[in-house]
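Please read this report beside the sequence and the model. It deals with domains, chain symmetry and one chain interface.

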There are 4 protein chains.
Amino acid sequence: MPVRVSMLPDAQRPRWSTALTSVEPNSIVLRGYALDELMGRLPFGDAIYLLLTGDLPTPSLSRLVDAMLVSFIDHGVTPPSTLAARHAATTGASVRNAVAAGVVAFGKHYGSDALLCRQRLEEGLDLVSDQRLVQADEIPPPGFGHRTHPNDPRAIRLMQIAHELEADHIYTQFIRALEHALARHPALADHPLPVNVDGAVAAICGDLGLAPEVADTLLLISRIPGLAAHALEEQKRERPMRVIDPHGHDYDGPLGLRLGDRRK
Amino acid sequence: MPVRVSMLPDAQRPRWSTALTSVEPNSIVLRGYALDELMGRLPFGDAIYLLLTGDLPTPSLSRLVDAMLVSFIDHGVTPPSTLAARHAATTGASVRNAVAAGVVAFGKHYGSDALLCRQRLEEGLDLVSDQRLVQADEIPPPGFGHRTHPNDPRAIRLMQIAHELEADHIYTQFIRALEHALARHPALADHPLPVNVDGAVAAICGDLGLAPEVADTLLLISRIPGLAAHALEEQKRERPMRVIDPHGHDYDGPLGLRLGDRRK
Amino acid sequence: MPVRVSMLPDAQRPRWSTALTSVEPNSIVLRGYALDELMGRLPFGDAIYLLLTGDLPTPSLSRLVDAMLVSFIDHGVTPPSTLAARHAATTGASVRNAVAAGVVAFGKHYGSDALLCRQRLEEGLDLVSDQRLVQADEIPPPGFGHRTHPNDPRAIRLMQIAHELEADHIYTQFIRALEHALARHPALADHPLPVNVDGAVAAICGDLGLAPEVADTLLLISRIPGLAAHALEEQKRERPMRVIDPHGHDYDGPLGLRLGDRRK
Amino acid sequence: MPVRVSMLPDAQRPRWSTALTSVEPNSIVLRGYALDELMGRLPFGDAIYLLLTGDLPTPSLSRLVDAMLVSFIDHGVTPPSTLAARHAATTGASVRNAVAAGVVAFGKHYGSDALLCRQRLEEGLDLVSDQRLVQADEIPPPGFGHRTHPNDPRAIRLMQIAHELEADHIYTQFIRALEHALARHPALADHPLPVNVDGAVAAICGDLGLAPEVADTLLLISRIPGLAAHALEEQKRERPMRVIDPHGHDYDGPLGLRLGDRRK
């Protein structure tokens with residue numbers, strides 16, 4: 001006689017709710033908006049923001065969120081996460097598997113600095129409001145310095161856009177104060193550690209009032225196209241099962257193109 | 001004595017190239033464009049298109065690509081892939097792990113219909129050009145009909161946008177012809193099978209000249225925000241380790257909101 | 001002109017070493033032993049132990065490690081991780097993808113209790129050696145109680161085998177002391193919380209001197225066959241894309257079989 | 001008013017069954033056997049076989065299955081799947097995430113040859129029984145030759161064990177016949193392609209009557225300890241975020257150890 005494994009009678013099963021998307025026959029409603037009405041009218045970046053937060057972004061916010069999404073979209077072949085995706089791709093695994101390999105290859109040493117920096121900013125702002133001293137023992141602290149870029153061009157641009165849009169408030173000011181304090185650190189006399197893209201995103205998302213886990217999710221989403229593009233390129237340009245050397249690679253695409261006045 | 005495992009001397013190691021992103025100190029170049037110049041100017045959807053294809057989309061193409069990306073962004077809690085992400089989230093796994101669980105939970109029965117439909121369209125167009133007859137034995141063929149929507153509102157809207165933008169050519173006409181042929185199939189007298197969102201994407205991407213694997217990757221990217229949003233909602237609204245019942249759920253978000261004339 | 005992305009000249013590239021497996025033409029050496037000599041002589045459980053620790057287990061240890069590996073091999077369809085694997089399988093994703101979906105669906109609320117319990121035992125033993133009091137604020141603490149089993153038969157058996165093999169030392173004694181202390185907790189008068197399988201594994205691995213991350217890896221390995229078996233059963237017995245109800249399932253396999261004296 | 005998304009009333013929900021494991025309070029039954037009775041008596045390899053097939057292996061079969069599981073347990077640092085796991089580990093991702101990265105990094109060019117070879121054997125045996133000629137156009141066919149081993153020691157040993165245990169029947173004889181035919185192929189005069197470990201596993205599992213997907217799952221399970229061991233070694237021995245060079249590595253563990261007469 002078969003044995004019942006289930007433990008709850010039907011009547012006691014709790015119902016549960018979602019506030020993301022309603023799906024009824026011939027009707028899909030995303031955060032209250034008919035999905036087919038959004039299509040062709042709402043940019044993908046705005047739809048991501050709407051889905052994650054429940055609100056349509058203002059035009060300023062839309063531009064800032066898009067700038068953050070674009071800033072992380074790819075960083076060449078060297079990140080371990082990208083190399084994990086390439087190693088999956090070279091075996092003939094599907095692009096989706098290569099993306100999954102890349103997604104699970106984010107850890108506390110890579111892909112977590114924006115979240116860690118945000119935590120420091122929260123702690124630091126608490127300390128400041130308590131009139132206590134700030135001390136930073138860890139060099140470099142998350143959000144400062146970059147192994148390739150002495151002065152991360154993405155951070156410079158993000159801070160500039162936030163300033164133009166008057167979206168730089170207490171978090172942005174605080175990370176600037178930390179940057180100045182770090183510049184006077186005796187161990188860093190010859191190696192300044194300016195705010196990097198993780199630090200800029202952490203501060204700006206703090207000023208935008210985005211929860212830390214939502215900000216972190218924006219960055220995860222933004223890197224998916226990069227992982228996928230590397231998997232596609234690997235399968236299109238390279239022979240299967242090659243040895244992927246993390247050193248011996250060149251960029252052979254175009255350089256020096258400009259958007260011109262095509263878009264503002 | 002330790003044993004050498006590596007097999008190639010340094011001098012024989014082949015170099016390899018990437019055409020996606022050039023990374024030099026203080027300079028990141030995406031498909032030829034300085035990334036920091038793109039930030040704040042290029043919408044995320046256009047940046048995805050640029051990264052995957054190497055070209056900036058025209059304004060019409062930009063709108064069509066955004067419409068496709070938005071159309072797949074979420075479909076509520078019932079897709080197995082979304083439930084896999086929720087099951088990861090309820091254990092306290094990270095949002096990125098929940099996204100990975102969702103990404104690997106696409107298979108030939110879910111998430112592959114756009115690619116399968118595209119293959120049918122290619123085969124069908126070859127047959128037509130060879131003056132041979134088309135026969136469809138599989139009912140429903142990929143790209144037609146939907147288990148929830150008798151008439152998929154996303155497909156209707158995508159075909160309409162493609163028509164407005166004069167982007168509907170031979171693939172779109174062919175899938176329309178197949179739809180008409182199916183309507184006369186004796187087994188489908190009472191259950192018509194109109195083009196669904198997978199079919200619309202397959203046809204439109206064919207007309208846009210996008211390689212099938214690039215079109216498939218666009219859809220993968222477009223669902224990531226949905227998987228992530230469900231993981232965030234699961235961890236924010238539900239207690240850990242709950243039994244996730246695929247039946248007993250409601251939508252409790254807003255309904256009936258309109259974009260109005262806020263965006264065109 | 002293409003741009004060099006790599007940053008280190010060949011001569012400066014550091015070599016690195018592995019102590020796991022040497023691979024030379026026609027020779028594979030696992031932790032010092034010729035792999036082909038091990039085949040047919042060494043049980044898989046012993047090979048796992050050898051690979052993870054570098055040592056062949058003694059016969060007693062071999063039996064205890066196998067008992068731990070077997071104890072976690074499957075726990076029916078209800079664990080969220082198993083349901084994540086089933087949700088992947090129902091889409092037609094491969095068994096390996098279903099296993100990956102299951103592996104990433106372990107989190108701090110499921111699949112981590114052995115590791116958490118081990119940490120508590122380490123802290124507790126430190127406190128005892130410092131003559132300080134032990135206090136457990138969290139009810140239930142990791143390693144005690146089970147949502148299905150009032151008295152986990154796997155824990156009973158593991159502790160019994162460890163006792164028979166005289167492998168129960170300070171960690172095992174300490175977790176027993178904690179179990180006795182919990183039994184006197186006023187909140188638990190009617191709901192005792194005996195040591196569960198996670199607690200038994202944590203204590204026994206502590207007594208065996210296995211590093212916490214190695215013990216945790218043993219459990220990960222031991223559940224892989226379960227995830228794979230559910231994926232195979234899903235694809236063999238169920239139609240694709242079914243709604244997987246976490247309640248409405250029965251066990252319809254055999255019951256009451258005995259090993260008899262077939263093996264000792 | 002919230003909208004109902006679920007589509008089936010409770011009474012219409014179909015029940016479903018599993019034949020793997022029955023879980024009741026204080027009772028876990030694996031394929032009919034009380035799990036706690038198996039613990040300490042049944043080796044892990046036998047438990048894997050029981051879980052996947054529903055049968056306890058005979059002593060001969062047990063030895064053969066263990067030999068196959070051990071043969072794939074690790075193959076050093078060079079497989080792309082292992083490098084994907086290492087790339088995850090170097091970011092500080094968890095061992096389970098590194099294992100997941102490795103699991104999704106099996107594709108049609110790596111990790112699929114045993115399954116492909118089995119398909120060829122089935123097709124070939126069908127052709128033979130139909131008195132038709134066999135032709136192999138693909139060089140090397142799956143299951144023959146190895147990029148490192150001119151004569152794969154794992155295949156030699158597996159075929160030898162199968163012979164000793166009188167488990168080599170029609171599949172094994174057929175793959176030997178193919179090996180002889182290949183040896184006379186003009187293109188292979190100086191580079192013979194003997195049966196490799198994938199070919200040996202494919203043939204032996206065919207003779208054992210294991211379904212192809214079950215045989216494939218045995219190999220997946222057998223590599224998990226290898227992926228995990230590399231992740232543990234990476235995190236223990238190397239600094240985070242290092243550049244993992246697939247060439248510049250050595251084996252620095254012991255060599256030349258023997259089991260001696262410790263086990264038979």
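The text below takes up the domains of chain A, then the relation between two copies, then the contact of chain A with chain D.

This is a predicted model, in which local features need pLDDT of at least 70, side-chain atom pairs count only at pLDDT 80 or more, and totals for chains, interfaces and linings use all residues. Residues are numbered from 1 along each chain as its sequence is written, chains are lettered from A and ligands numbered from 1 in the order in which they are written, and side-chain values use heavy atoms, with hydrogens and water left out.

**Domains of chain A**

Chain A is divided into domain 1 (16-56) and domain 2 (69-245), with bounds from an automatic or database domain assignment. Their C-alpha centres are 28 Å apart. On the side of domain 1 of chain A that buries area against domain 2 of chain A, Ile48(A), Tyr49(A) and Leu52(A) lose the most, together 82% of what that side buries. By class, the side of domain 1 that touches domain 2 has three nonpolar, two polar and no charged residues. Here Ala, Val, Leu, Ile, Met, Phe, Trp, Tyr, Cys and Pro count as nonpolar, Asp, Glu, Lys and Arg as charged, and the others, Gly among them, as polar.

**Two copies**

A rotation of 180 degrees with 0.0 Å of shift along its axis superposes chain A on chain B, with an RMSD of 0.0 Å; the fit is by least squares on the C-alpha atoms of residues with pLDDT of at least 70 in both. The two copies are thus related as by a two-fold rotation axis. In chain A, the C-alpha nearest this axis belongs to Ala100(A), 2.5 Å from it.

**Chain A and chain D**

The table gives the buried area, meaning the accessible area (1.4 Å probe) that two parts lose on being put together, summed over both.

| Interface | Buried area | Share on carbon and sulfur atoms |
|---|---|---|
| Domain 1 and domain 2 of chain A | about 440 Å² | 93% |
| Chain A and chain D | about 3200 Å² | 62% |

In contact (heavy atoms within 4.5 Å) are 38 residues of chain A and 38 residues of chain D. Zero salt bridges are found between chain A and chain D, a salt bridge being a side-chain nitrogen of Lys or Arg within 4 Å of a carboxyl oxygen of Asp or Glu. The side of chain A that touches chain D divides into 20 nonpolar, ten polar and eight charged residues.
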